[in-house]
Amino acid sequence: MEAAEVPSNDVVHPEVRAHINSLVSALGGLSIDGDEAYKLGDDALECLRDLKRWIRFYDEKTNRMDVARCLAEANIVGNDLLPILATWPPSASDNTYKARIALACFEIMVPLTWPIEKDRETMTVNHHRHVPVLQLAQVRYKRDIINFDAVPILGAAVRIALPSMALPIGERAARDQGIIKLVLYFLRNIAMITPPPSMRDECDESQISRSTLTDAFTFQDVFLALLTIASNMGEDFKTEDVILMEIIFHLVKRVDPGKLFVTEKQVNKAKTNELVAALSKEEALKRHNKNAPTRHSRFGTMIWVKRESGKLATVTGQEALLDQATRERKMDTSKTFRRPKRRLKNAEMEPKDLGPPANLDERARQQLGSFVSEFLDSGFNPLFSHLRKSIDREEAQVMDYHQRQFFYLVAWFLEAERMRGKARAEQKKAGEDEVRSFNLVAEVLSQDMFILLNRYLDRAYTDHNWLLLSAVMRCLTQILLTVQEMSDSGNEEDEEIADNILSRLFYEETTHDAVANIVRTYADQGFEYLDACTELTHTYLRILEAYSKQNVDLQVRSKKRARRKKKAKAAADNENQVQDDVDGDSADDERNAEKTIQERKFDFKRFTHRFVPQGVVDTFVTFTKYYQELNDDQLKRAHRYFYRVAFKQEMSVMLFRLDIIHLFYNMIKGPEPLDKSSAVYRDWEELAKQIIKKCVRKLEERPALFTELLFSKTNSTAHYLEFGHEKQTVSTNPRPAAELEFKRETSRDQQIAIVVGALLDKGQGDHLAWIKKQLSEAESERRAWENMDKATATAEGESPTRPSASHTTVIPDTDARRTAMFKNPHLRLLMSLVGMQRLAPMLDETRDSIWIVPGSLSSDDLKDTTELINRAEFSPPTFDDGALAEDQLRRKSAAPKKRAAYDDDDSLDEDDGVLFPAGGPTARKATEDGERPKKRIRRRRKDAEGAEEGGVDELLEEKARARREKELEKRRKIKSDVYVHASDDESDDEEYNRWFFAREQAIREKNRASAMGMERGLLAGVLGDGGVESDEDTGAVTRTKESQPGKEKKGKKRGSDVVSSSEVSEEDDDEDESDVPPKRKKNKRASSPPAKQGKNKKKKRKSVAISISEDDEDEEMSSAASVTADADGDGDGDGNEDTNDTSISPVATPPGTKDTQGDVEMDDAEEEQEDEDEDDDVVKQPPHSRMANRRARAGFVMDSSDEE
């Protein structure tokens, strides 16, 4: 019989579709008895597990989505899985078999509802075929799950997790952890599914809206389970924090917190006001078009307009007949500016995961408000404290998008807490003995939170991660508003805490710099980013201004370089240039990179000048252009900024630009003005009037402004237009040139020769002539004094004494020479070598400081010095390897500065353990000597102009690509193990337990015997720092305790006659007998997915976040969880989770059962004994056990029957 031809329009292979349809059919169906109840098939549990294997080994491994497409077309969720779950009502929760069936159903629904990611780098043709269909299928799944009437499906998911949640965290096995995470991920998927934007018309959003989801979560007690986990986070739950955060994020995103805590009457009043505003806007548009013709639009109009150049333009529309101004405006509106295509468009910059604003009905609003209120009272501090630590440690379960969700939720809940406080104040329900609301959010107002906030503020800005930066800015804004409300609360303790928080926030100058740079460098990152940065700027300036007025002596800490880096190659012939760049060794480089931390008094007026440049003005102008869509608070924010620039800063000239003037005019007198009923209309009207009036007066005063109206203004141009003269800059504290020293110790004559040679190499021989002239004049004067002293002593008959000559003043002959005496380091070094000194060395040196030749130098000394200079000038010194005289010099190391009485470094060193505990965000490793490691200096070279900018862009792209790859790998690991393995199931069979304990007793006896033989080798250091040793006599593979996890060394293994107990892998969930007692035989499975076999080397496989073998940061784990890594690491040495053909040694099986692996349970006592004997845990293969042909697929162990 010939094979049937494959239909050309079928997107799934017929064999795959046949396998899947046969499995779905074998699950069961409606009863034929007439009661319309769903009847399970004989092998329903095995069919469910086979479907799970198909999804894991075919779809996820090959990245095809074919199985999901077949299941979507078969509607397995609505037709089979939900009716199967209906057979497990709450009254039958103790039924173990049905509980296993329900768990298997959720194991299938989780991957089917998993968020679909569109990654251009990994998408194939199958993705483009299947993604639209699967997105609609997920919307259908959500509708069926939420609106299923027979049994609450979300409540059933919670019932599955309740037994595991009830266990203390120390007694909770890896299987229990997996069940909890599986249920949380199911709830996350249901909350996250939304209709795709391109398919909203094809979906009925009323049945899957946020209101319906909130009502389902309330009715099915999901909110209670979430509150239980959140309030016990850190105690009974460890690794579920990010999953819980995702669920809450998708519940509250784009919900206005101000509407959750108001009465229904207030909500209705707000809606009425919105309707009135819309009607008034419509009336204003009608009044503006009152002269328009009343005839219907079937009669079109087209006219020609003759321009000044004589060209004719065509204008359509009846309004073009009114007047010339209307025709010109019609022509202007018809012009479209086609912007060049950019790599990133505004639509891509918007936060896609937020979606449109959520519209809740009254019932859902009250339910969500009740949940938020209870969460703030009990779960906010534990959950967000644990989340902050997880993000700070960058744990494995934390993805990149979790950071953005964390800061978004912190901002949202802080705003919700402030709105709840205002509602309570209005209702007068707050009592004196009530816990103050600020204590409920104290965990996000700590110093650790501020450190994390500043770090991500800088990291997001540096990496150009605008979505994360928007969330961080929102968070910082809400923290400032919350602290301001604390300071205005009237409570003395709250006011003191608020003052302390503000002092820490405003103490770091880096925060001031970040806020100013963010708003200045806005460049089309989207409206969400624009709104966040303008709100942060407005709030930051307003609160900082009020705080600086209260604290006149506000100090800030700034970090600046000790010395400025000059260009490597300076003009040698420019004697007025600072010669600070001197080649030196690595110590010089470290000193150049040294930073000084100093405190200075904060000047708010000086700080506000940083928000005057044209970049900041353009940011607020861009924001104001959306004035038709902005609310009153946003319009007030823009108004306050322009008022500050024009009147407080007296820099209104920055607003004198045609587009800005035109914008202000249109807001008041244009065709689409602001609504006159708005609360800020009068303020904007007055501002526009005053700015236009000042512009007209300035045009009369400065005619140059007519030209400058077309352009942006730099600071110097704005200063000239405002004050009529250029800004004068005077150096108030010039410093002398850096002191030089010799690299090697040499004699004085050689030192003079080196400095003279350096001056000659630089073409500064005139300095030598001037010094020789000064020495000659001083010698002549000094010799005259000496002769006079000798004559006086001879006349009096006394012996000659020390000359009584005074010092000689060094007089510069030109102004350039005076500058060189102050700024030329080589000339200053030569002056010191010849004996010249400053007259007042204790005073700070200036350009007018006086130099002298001291009287202690005799005329002979001065003559010898002059001869040394002459000799070096006519025969300059030479050096090996063609080195120059300048190479023999280096900058003199600066003496360590004395620290002030109050120094930040001292305080940090003394209280380091208190402010920053070990393991905190600022903990650093120390060297063996106790000193902190020195930072390396990174130098960037410029090969040509513009090369640096291109390198920065390439570096950012490379970093972004690396982050995406790391994130994708994380997600693959999480999704690949979001299953509860059948081998983790517990069994209560007495025969199985007796066999199990008998086997464990035999293992311990064997271990005690083998340990005696290995004790001598261990003491002699045979095993080194840990590894795997092989006992050649017994063939046992033993793992020492010294071996580090994940770093086991290769060991020898003889055949397959023995196997370590650690090879009993808990990951093996594909066994046929995982849920059947030992003496019960199972039927053969319906079908299994085909897979291509191959032989590859094994590599060590790590546990991932949702794997059942994952620990949740506890040292005490069940042996079933601890042996997983050992089973993967033993054998041939290094395994790979993608291995297709890897044999696994079998373990002994009880009599009357088939060979299974993984259905092993041990109680607490046996677990402790197993941990003690873990080093030598071996067991020989019983003679009656058969060899199981096992193979690893995608990191999961399979029987050979799975490949049939």
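Two strands count as paired if DSSP finds at least two bridges between them. In this predicted model, strands β3 (residues 302-306) and β4 (residues 312-316) are joined by 5 bridges. The two strands run antiparallel. M302 of β3 stands opposite T316 in β4. The hairpin has 5 residues between its strands. Within the hairpin of β3 and β4, G310 takes a positive phi near 95°.

The side chains of β3 alternate along the strand. I303 and V305 point to one face and are buried. M302, W304 and K306 point to the other face and are not buried. In a regular strand, side chains alternate between the two faces of the sheet.

A further sheet involves β8, β9 and β10. Its 3 strands form an open sheet in the order β8-β10-β9, with antiparallel pairing. The edge strands are β8 (808-810) and β9 (837-838), each of which pairs on one side only. Strand β10 (residues 851-853) pairs with β9 in the antiparallel sense, over 2 bridges. Q837 has I852 of β10 as its bridge partner. Strands of a sheet pair through backbone hydrogen bonds, either parallel or antiparallel.

Salt bridges were then examined. The model contains 44 salt bridges. Side chains of opposite charge can pair when their charged atoms come close.

One of the salt bridges joins R17 and E73, with the closest N and O atoms 2.5 Å apart. R17 lies in helix α1 (residues 14-27) and E73 in helix α3 (residues 66-74), so the pair ties together parts that are 56 residues apart in sequence. R17 has 18% relative accessibility and therefore counts as buried, the cut-off being under 20%. E73, at 44% relative accessibility, counts as partly exposed.

A salt bridge also forms between the side chains of D50 and R53, at 2.5 Å from N to O. Both residues belong to helix α2 (residues 44-62). D50 and R53 are 3 residues apart, so about one helical turn separates them. D50 counts as buried because its relative accessibility is 0%. R53 also counts as buried, at 1% relative accessibility.

K648 and E545 form another salt bridge, their closest N and O atoms being 3.7 Å apart. This pair links distant parts of the chain, 103 residues apart. K648 lies in helix α26 (residues 632-648), and E545 lies in helix α22 (residues 527-550). K648 is partly exposed, with a relative accessible area of 45%. E545 is buried, with a relative accessible area of 14%.

Salt bridges also link residues into a network. Its members are R474, E528, D531, E535 and R637.

Charged and nonpolar patches were located on the surface. A negative patch is formed by D488, E492, E495, E496 and D499. Of these residues, E496 lies in helix α20 (residues 492-507). E496 is exposed because its relative accessible area is 58%, and exposed residues have over 50%.

A patch of positive charge gathers K669, K676, K689, K693 and R697 on the surface. Helix α28 (residues 681-701) contributes the largest share of the positive patch, with 3 residues. K669 is found in helix α27 (residues 658-669). K669 is exposed, with a relative accessible area of 58%.

A nonpolar patch on the surface is formed by L658, L710 and F711. Together, these residues have about 310 Å² of accessible area. L658 is found in helix α27. With a relative accessible area of 47%, L658 is partly exposed. Helix α27 thus appears in the account of two patches: K669 is found in this helix, and so is L658.

Note on methods. Residues numbered from 1 in each chain as written. Predicted model: local features only at pLDDT ≥ 70, side-chain atom pairs only at ≥ 80, totals over all residues. Heavy atoms only, no water. Patch = residues over 30% accessible without salt bridge, like charges linked within 9 Å, V, L, I, M, F, W, Y side chains within 5 Å. Areas by Shrake-Rupley, 256 points an atom, 1.4 Å probe, with all protein chains shown as cover. Salt bridge = Lys/Arg side-chain N within 4 Å of Asp/Glu carboxyl O. Lys, Arg positive; Asp, Glu negative; His and termini not counted. Charge placed at Lys NZ, Arg CZ, Asp CG, Glu CD. Helix = DSSP H or I, 4+ residues; strand = E, 2+ residues; numbered from the N terminus. Buried < 20%, exposed > 50% of the residue type's maximum accessible area, 1.4 Å probe, protein only.
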